[in-house]
Amino acid sequence: MTQRRADLSAKLTAIFPAPRAIVWEIGCGHGHFLERYAAKFPLRLCLGVDLASERITRALRKSERGKLLNCHFIRADALDFLHALPKGVTLQEIWVLFPDPWPKKRHHKNRILQPDFFAALAAYAPAEARLYFRTDSIDYFQAVQALLPSLKTWEIPKAEEPWPLEHETVFQARAESYQSLILVRTSHPAKSAEITAPAVPPPEDSRLPA
Ligand SMILES: C[S@@+](CC[C@H](N)C(=O)[O-])C[C@H]1O[C@@H](n2cnc3c(N)ncnc32)[C@H](O)[C@@H]1O
């Protein structure tokens with residue numbers, strides 16, 4: 001694990017040689033959303049991670065075809081990514097679109113959005129950073145809503161905000177309906193960069209169509 005994170009850190013340092021704020025997508029799949037986002041906001045540096053290498057290969061092909069210099073994809077676990085983030089790189093926006101729902105109760109602990117993970121994100125996100133979450137799992141959505149009152153570092157924005165970009169992801173296209181949530185980073189100090197969220201492989205049913 002140490003070597004894996006060191007290798008990832010070297011790759012990230014090459015992408016982000018200087019401190020800066022980035023837009024990060026967790027579980028970017030084939031990169032449909034982030035590629036479109038990077039095209040719409042050419043001055044924002046975007047990076048998508050996914051555990052599945054064939055999805056990242058396809059995402060990379062797409063951003064090369066689109067000649068998007070501000071759009072990067074790396075095969076990585078979200079938690080490893082946070083550990084490997086070069087000093088001074090901050091998360092201005094975090095996108096979590098249709099994360100693996102882990103529907104069985106005994107698997108809920110594998111869901112990425114949990115209190116420890118929110119705390120970990122807070123350590124890298126400045127006040128006013130945004131987190132965009134969308135899911136077709138009502139159960140997952142309600143679980144995230146239920147933990148909001150206990151979070152000090154993330155809250156619902158005071159006023160309604162638009163979703164910065166609407167672009168259907170592969171899983172969104174399959175969903176009958178979905179729920180969306182925007183969270184804003186408060187100025188409450190992050191506890192520490194101690195990160196204990198789960199690092200788990202995606203379940204079989206999350207496979208994207210070829
Ligand atoms: C259900 S798919 C959604 C893909 C895409 N966001 C979409 O909406 O079409 C979830 C994706 O998250 C990835 N994933 C799951 N756990 C992850 C983790 N810890 N770090 C990075 N990616 C992860 C999976 O490999 C999978 O591609």
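## Exercises on a helix, a sheet and a ligand shell

Helix 2 (32-40), strand 2 (45-50) and strand 3 (71-75) are among the elements that cover the buried residues of helix 3. Covering here goes by contact, with C-beta atoms placed from the backbone within 7 Å. Helices (H or I, at least four residues) and strands (E, at least two) are DSSP runs, numbered from the N terminus. This is a predicted model: local features need pLDDT of at least 70, side-chain atom pairs count only at pLDDT 80 or more, and totals for chains, interfaces and linings use all residues. Residue numbers start from 1 along each chain as its sequence is written.

**Exercise 1. Check the span of helix 3, then work out where its buried residues lie**.

Step 1: helix 3 covers residues 53-65, which makes 13 residues. The expected span is 1.5 Å times one less than the number of residues. That gives 18 Å, and the end C-alpha atoms are 18 Å apart, so the two agree.

Step 2: pick out Arg-55, Ile-56, Ala-59 and Ser-63, the buried residues of helix 3. (Buried means 20 or more other C-beta atoms within 10 Å of the residue's own, exposed means 12 or fewer, and partly exposed is in between; C-beta atoms are placed from the backbone.)

Step 3: look down the axis. The buried residues of helix 3 fall within an arc of 95°, so they line one face. (The arc is taken over directions from the helix axis to the C-beta atoms.) Here's the handy background: an α-helix has 3.6 residues a turn, so residues three or four places apart point the same way.

Step 4: flip to the other side of helix 3, where Ser-53, Glu-64 and Arg-65 are exposed. Just after the helix comes Lys-67, with a positive phi near 50°.

**Exercise 2. Trace the order of the sheet and find its edges**.

Step 1: the sheet is open, has seven strands in the order 3-2-1-4-5-7-6, and its pairing is mixed. (Strands pair if DSSP finds at least two bridges between them.)

Step 2: strand 3 and strand 6 (154-155) each have a single partner strand, so one side of each lacks a neighbour in the sheet.

Step 3: now walk inwards. Strand 1 (residues 21-26) runs parallel to strand 4 (residues 90-97), with six bridges; Glu-25 is partnered by Trp-95. Strand 4 is also parallel to strand 5 (residues 130-135), through five bridges, and Ile-94 pairs with Leu-131. Between these two, the chain passes through helix 5 (residues 115-122) in a right-handed β-α-β crossover. (Right-handed: with the strands pointing away from the viewer, the path from the first strand over the helix to the second runs clockwise.)

Step 4: six bridges tie strand 5 to strand 7 (residues 179-185), this time antiparallel. Phe-133 has Leu-181 as its partner there. Five of the six residues of strand 5 are buried, so the rest of the structure largely encloses it.

**Exercise 3. Which element gives the largest share of the shell around the ligand**?

Step 1: the shell holds 23 residues, and the closest are Gly-27, Gly-29, Phe-98, Thr-169 and Phe-171. (A residue is near if its C-beta atom, placed from the backbone, lies within 6 Å.)

Step 2: strand 2 and helix 7 (170-174) each give two or more residues. Helix 7 has the largest share, three residues.

Technical notes:
Two residues are in contact if their C-beta atoms, placed from the backbone, lie within 7 Å.
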